[in-house]
Amino acid sequence: MYRYSAATLLRQAMTDQKGWPAAWRSTSPKARYSVLIVGGGGHGLATAYYLAKNHGITDVAVLEKGWIGGGNTGRNTTVVRSNYLFPESARFYDHSVKLYEGLSRELNFNIMFSQRGMVTLAHSRHDLEAQRRWANAMRLNGVDSELLDREGVRSLAPALDFSEEARFPILGGFVQKRGGTARHDAVAWAYARAASSMGVDIIENCEVEGFEIGPEGPTAVQTSRGRIKTGAVGLAVAGNSSLLAKQLGLRLPIDSLSLQAMVTEPVKPVLDTVVLSPAAAVYVSQSDKGELVIGGGLDLYTSYGQRGNLPTAQRILAGVLTLFPSFSRLRLLRQWAGTVDVVKDSSPIFGRSPIPNVFLNCGWGTGGFKAIPGGGWCFAHTIATGEHHPLTAPFALDRFEKGALIDEAAASGIAH
Amino acid sequence: MLSIPCPHCGLRDEDEFVWGGEAHLVRPRLDCSAEEWAQYLFYRDNPKGIAFERWHHRFGCGQWFNLVRNTATHTIEMSYLIDAQRPDL
């Protein structure tokens, strides 16, 4: 792997930036791989990397129908946090945040992880009480959180509307200081580069069209670039999980919905933390380029359209302007949507499937980006050993038959 | 903005309606297996393309009805009464 450093930056500057090698190898598929990972987003690429690094399995291909990181990995609002309510979620997501904390160094790629804190706002006495429980539950789970009063929120996000007439008066809230944002494309590229350097093949423009399943599990995968033999398949195809599962003859407890995001024109620094208002159902951060990155609730019906609809966009923007009246004169630069796997208990579906050697990594709902390193770590373990990882065992598909749901719907921030 | 044809009120804007999920789910007998019950409660077809759905005209006539909608293009094919048979499409 061509190591990135200040010295290489300087050397490339001397030679007119013409000597940079490709970050990962572009290859055609071989006839057979030990493991095929379907989906070249963050989760698929991280899985390939940890298969190679933690388990020494490098006879792996990542199949991506479009381009690397072009699905939900490139469409999210880049927030990383582990402020979950239940112990199962807290353990998993905090493992993921910890991996993020060392990721730039580990992958020799600046993913621009900025632990600028995630502030959740309380607008009523009931919000204050619920968030006190929430923040204390996080501490019991070993995750950092600090309760804030009104002045505490003002010191972190002074652009909020603190006037007496505010539609959502700010009474307090809490902050997870280890939360923040990361450059989403860089996460995909960094994992792709590191996995590729250890021998993983990354095959773009390669759409899976069917599976051949024997008694021992998968034997081959039909793709738009030909038939590829394999012994194990990992699905990491957020938004399309039900469609790929159908090709395997499986049904999943998932609905696919659109989640919108948008950015304003870039402005000078005005917000150096992530602000979430559960009551206004929006969250905002400012990118390093200066754009305000805005997210909100789902478009509440199934869609594979990847664009979202106007009423939801209006609701999200109205919520942002209620919290930050000074943003009203900014122009919107881009609006888009990703298709997300929504599960009834708002927890992922992870691990073994009913078919031997076919593994599922799906159901991340509106929060898959923060889970990329942890998801890749645990998915690699599951594929390598055939067993659930202790951190993701509670998220197995059979929880729906057992009734062992992990109902994070109320704790993940916005009640969709 | 979707324009949704309520069978009782005619074309109305989508924000008058609430999506109610897959239509024509049949509730199994109460002594069914845990797998059957989970299939009924949680598992869905979630198709890309034509979907049969229940919708509620919450801020209109208050009635539930069925809608045939394309989940990839958002084209609406037809709506029909809540107790009607699933049409052959």
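"Buried" here means under 20% relative accessible area. Asn309(A) has a relative accessible area of 11%, so Asn309(A) is buried. Keep that cut-off in mind as you look around this predicted model. Chain A is divided into domain 1 and domain 2, and 25 residues of chain B are in contact with 23 residues of chain A. Here's a tour, starting with the two domains, moving on to the two chains, and ending with a handful of single residues.

**The two domains of chain A**

- Domain 1 of chain A comes in three stretches of sequence, 32-109 + 183-252 + 345-410, while domain 2 takes up 118-181 + 256-343.
- Taken over C-alpha atoms, the centres of domain 1 and domain 2 of chain A sit 27 Å apart.
- Where the two domains of chain A meet, 36 residues of domain 1 are in contact with 33 residues of domain 2.
- People often describe how big an interface is by the accessible area lost when the parts come together.
- For domain 1 and domain 2 of chain A, the buried area is about 2600 Å², and carbon and sulfur atoms give 52% of that.
- Two salt bridges are found across this interface between domain 1 and domain 2 of chain A.
- If you'd like a salt bridge to look up, try the side chains of Arg178(A) and Glu101(A), which meet at 3.1 Å, N to O.
- There are also 18 residue pairs in polar contact between domain 1 and domain 2 of chain A, counting pairs with both residues at pLDDT 80 or more.
- Which elements give two or more residues to the side of domain 1 of chain A that touches domain 2? They are β3 (79-80), α3 (87-101), α8 (241-247) and α11 (399-402) of chain A.
- α3(A) gives the most to that side of domain 1, with six residues.
- Sorted by class, the side of domain 1 of chain A that touches domain 2 has 14 nonpolar, 15 polar and seven charged residues.

**Where chain B meets chain A**

- The area buried between chain B and chain A is about 2400 Å², with 51% given by carbon and sulfur atoms.
- Three residues to pick out are Phe42(B), Tyr43(B) and Asn46(B): together they supply 31% of the area that chain B buries against chain A, more than any other three residues.
- The interface of chain B and chain A has two salt bridges.
- Glu22(B) and Arg251(A) pair up through their side chains in a salt bridge, at 3.7 Å from N to O.
- Polar contacts between chain B and chain A come to 16 residue pairs, with both residues at pLDDT 80 or more.
- On the side of chain B that touches chain A, β3 (18-22), α1 (34-41) and β4 (50-56) of chain B each supply at least two residues.
- α1(B) gives the most to this side of chain B, with five residues.
- By class, the side of chain B that touches chain A divides into eleven nonpolar, five polar and nine charged residues.

**Asn309(A) and His74(B)**

- Asn309(A) lies in the loop between β15 (292-302) and α9 (310-323) of chain A.
- Which residue of chain B does the side chain of Asn309(A) make a polar contact with? The partner is the side chain of Glu14(B), at 3.1 Å.
- Leaving out residues up to four places away in sequence, Asn309(A) touches residues of both chains, among them Gln260(A), Asp299(A), Met1(B) and His74(B).
- His74(B) sits in the loop between β5 (64-70) and β6 (76-81) of chain B.
- Is His74(B) buried or exposed? With a relative accessible area of 10%, His74(B) is buried.
- The phi of His74(B) is positive, about 70°, although His74(B) is not a glycine.

**More loop residues in chain A**

- Gln17(A) lies in the loop between α1 and β1 of chain A, and its phi is a positive value near 60° in a residue other than glycine.
- Gln17(A) is partly exposed, with a relative accessible area of 44%.
- Ala31(A) is found in the loop between α1 (6-14) and β1 (32-38) of chain A, and at 56% relative accessibility Ala31(A) counts as exposed.
- Ala31(A) and Thr230(A) are 199 residues apart along the chain, yet 8.7 Å separate their C-alpha atoms.
- Arg227(A), Ile228(A) and Lys229(A) are the residues Ala31(A) touches, not counting residues up to four places away in sequence.
- Leu248(A) belongs to the loop between α8 and β12 (254-264) of chain A, and it counts as buried at 10% relative accessibility.
- Beyond four places away in sequence, Leu248(A) touches Phe211(A), Ile213(A), Leu235(A), Ile355(A) and Val358(A).

Methods. Residues are numbered from 1 along each chain as its sequence is written. Chains are lettered from A and ligands numbered from 1 in the order in which they are written. Side-chain values use heavy atoms; hydrogens and water are left out. Helices (H or I, at least four residues) and strands (E, at least two) are DSSP runs, numbered from the N terminus. Buried means under 20% relative accessible area, exposed over 50%, partly exposed in between (1.4 Å probe, protein chains only). Contact means heavy atoms within 4.5 Å. Domain bounds come from an automatic or database domain assignment. Buried area is the accessible area (1.4 Å probe) that two parts lose on being put together, summed over both. A salt bridge is a side-chain nitrogen of Lys or Arg within 4 Å of a carboxyl oxygen of Asp or Glu. A polar contact is a pair of N or O atoms within 3.5 Å; within protein, one must be able to donate a hydrogen and the other to accept it, and residues adjacent in sequence count only if both atoms are side-chain atoms. Ala, Val, Leu, Ile, Met, Phe, Trp, Tyr, Cys and Pro count as nonpolar, Asp, Glu, Lys and Arg as charged, and the others, Gly among them, as polar.
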